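Trainee: Could we go through the charged side chains together? I would like to see how each label is earned.

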Amino acid sequence: QVQLVESGGGLVQPGGSLRLSCAASGSIFSINAMGWYRQAPGKERELVARIASGGGTNYADSVKGRFTISRDNAKNTIYLRMNSLKPEDTAVYYCNATVITDPEMMYLEVWGQGTLVTVSS
């Protein structure tokens, strides 16, 4: 079993900042890419940011320049620093990881339970 546990969501005013964390645990041999997705009410889930095992990143156009994804491989943890938050950033943010399991050596995609970010005055 592999689990992702997210933290750091909450209520913030427009222009404010938050940092999300996501820690992976369980029967993990290695972790490939990890990332953050979000789903706003009435909308489909969308990619926010993703980071590869080697550190390469990609971002949704809507968050470029405002959000930064980072990774601590020793802790199997990723972070999403969100600055200059806007009301349209309000959504449930989900952590995602693609892992190789131990000892099965199977490729597995895992999702966290989600953390709510609300940007409102």
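Trainee: Why is Asp89 called buried?

Mentor: Happy to help, and keep in mind that this is a predicted model. Asp89 has a relative accessible area of 1%. Buried means under 20%, so Asp89 counts as buried.

Trainee: What makes the contact of Asp89 and Arg38 a salt bridge?

Mentor: The N to O distance between their side chains is 2.9 Å. The cut-off is within 4 Å, so this pair qualifies as a salt bridge. Asp89 sits in the loop between strand 8 (77–82) and strand 9 (91–101), while Arg38 belongs to strand 4 (residues 28–39), so the pair ties together parts 51 residues apart in sequence.

Trainee: And how do you know whether Arg38 is buried or exposed?

Mentor: Its relative accessible area is 6%. With the limit for buried at under 20%, Arg38 is therefore buried.

Trainee: Which salt bridge joins Arg38 and Glu46, and why is Glu46 called partly exposed?

Mentor: Their side chains meet at 2.8 Å, N to O. Glu46 has 35% relative accessibility; that value falls between the 20% and 50% limits, so Glu46 is partly exposed.

Trainee: What makes Asp61 exposed?

Mentor: Asp61 has a relative accessible area of 64%. Exposed means over 50%, so the label fits Asp61. Its side chain forms a salt bridge with Lys64 at 3.1 Å, N to O.

Trainee: Which residues are joined into one network by salt bridges that share partners?

Mentor: Arg38, Glu46, Arg66 and Asp89 are. The count comes to 4 salt bridges.

Conventions:
Residues numbered from 1 in each chain as written. Predicted model: local features only at pLDDT ≥ 70, side-chain atom pairs only at ≥ 80, totals over all residues. Heavy atoms only, no water. Buried < 20%, exposed > 50% of the residue type's maximum accessible area, 1.4 Å probe, protein only. Helix = DSSP H or I, 4+ residues; strand = E, 2+ residues; numbered from the N terminus.
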